[in-house]
Amino acid sequence: MKDYFLRLYTYNHWANDRYFQLFDRQSEIPDRVHLLMSHVLVAQKLWLSRIKGNPDLSLHIWKPLPIDELKAMAVENTKNWLAYLSESDQSEFDRMMSYQNFQKIDYTNRVSDIIIHTANHATYHRAQFAVMFRQIGIDPPNTDFITFAREFSGELNLD
């Protein structure tokens, strides 16, 4: 399972980076896309802090951050997620974790389900980005996992 998770988070970074490349080529990014990219990256940071037992509740999951800050956060998130996943074993992935959401509702989930959720959550919102860009006449990047599997060389540039 560890190899699967490492590949999933490598894909996540690759897909986010394709959108950052598009952002760099555009004079304007739709406000909703900007907000959702912030949401995705802050949520990934928050979930990892929860998993590690030190939830950072100062994070605002619905506040747009500057694009340069988001790019840096994407790299930091990827480094932190890949390090966590590399250091973890099956017992960590199977661990039941209790936490509170922002509405102060208590939940308990298996860590592996949270790991999968954060990656799927990002994919869900990237699909929304694609629709929003198409609506304004801009072709979005192809971020399908199979495209990643065909094209990715195996090395992330996290510098």
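Colleague: Let's begin with the strands: how many bridges join strand E1 to strand E2?

Modeller: Happy to start there, bearing in mind that this is a predicted model. E1 covers residues 96-100 and E2 covers residues 106-110. The two strands run antiparallel, and the number of bridges joining them is five.

Colleague: Which residue of E2 does Met96 stand opposite?

Modeller: E1 begins at residue 96 and E2 ends at residue 110, in an antiparallel pair. The partner that stands opposite Met96 is Arg110.

Colleague: And which residue in the turn of the hairpin has a positive phi?

Modeller: E1 and E2 form a hairpin, with five residues between the strands. Within that turn, a positive phi of about 65° belongs to Lys104.

Colleague: Good, now the helices. What span does H3 reach from its first C-alpha to its last?

Modeller: H3 has 21 residues, and at 1.5 Å a residue the expected value is 30 Å. The model comes close to that, with a reach of 30 Å.

Colleague: Which elements do the buried residues of H3 pack against?

Modeller: Buried here means under 20% relative accessible area. In H3 that set includes Ile67, Leu70, Met73, Trp81 and Leu85, and also the polar Asn77 and Thr78. These buried residues of H3 pack against H1, H2, helix H4 (90-94) and H5.

Colleague: Lovely. Which element gives the largest share of the lining of the largest pocket?

Modeller: That pocket holds about 240 Å³ of space, and Trp47, Arg50, Ile61, Phe102 and His117 lie nearest its centre among 13 lining residues. Two elements give two or more residues to the lining, helix H2 (31-51) and helix H5 (111-135). The largest share, five residues, comes from H2.

Colleague: How many of the residues lining the largest pocket are charged?

Modeller: The lining divides into seven nonpolar residues and five polar ones. That leaves the charged group, whose count is one.

Colleague: Which element gives the most to the lining of the second largest pocket?

Modeller: This pocket has a volume of about 210 Å³, and its 13 lining residues include His13, Trp14, Asp17, Val75 and Asn157, which lie nearest its centre. Helix H1 (2-25) and helix H3 (67-87) are the elements that give two or more residues. With six residues, the one that gives the most is H1.

Colleague: Last one: how many charged residues line the second largest pocket?

Modeller: Its lining divides into six nonpolar residues and three polar ones. The charged residues in this lining number four.

Definitions and conventions:
Residues are numbered from 1 along each chain as its sequence is written. This is a predicted model: local features need pLDDT of at least 70, side-chain atom pairs count only at pLDDT 80 or more; totals for chains, interfaces and linings use all residues. Side-chain values use heavy atoms; hydrogens and water are left out. On a 1 Å grid over the protein atoms alone, a cavity is a set of points where a 1.4 Å probe fits but cannot get out, and a pocket is an open set with protein on both sides within 12 Å along at least five of seven lines; lining residues have an atom within 4 Å of a point. Grid points are joined across faces, edges and corners, and a volume is the space filled by probe spheres set on the points. Helices (H or I, at least four residues) and strands (E, at least two) are DSSP runs, numbered from the N terminus. Two strands pair if DSSP finds at least two bridges between them. The expected span of a helix is 1.5 Å times one less than its number of residues. Buried means under 20% relative accessible area, exposed over 50%, partly exposed in between (1.4 Å probe, protein chains only). Contact means heavy atoms within 4.5 Å.
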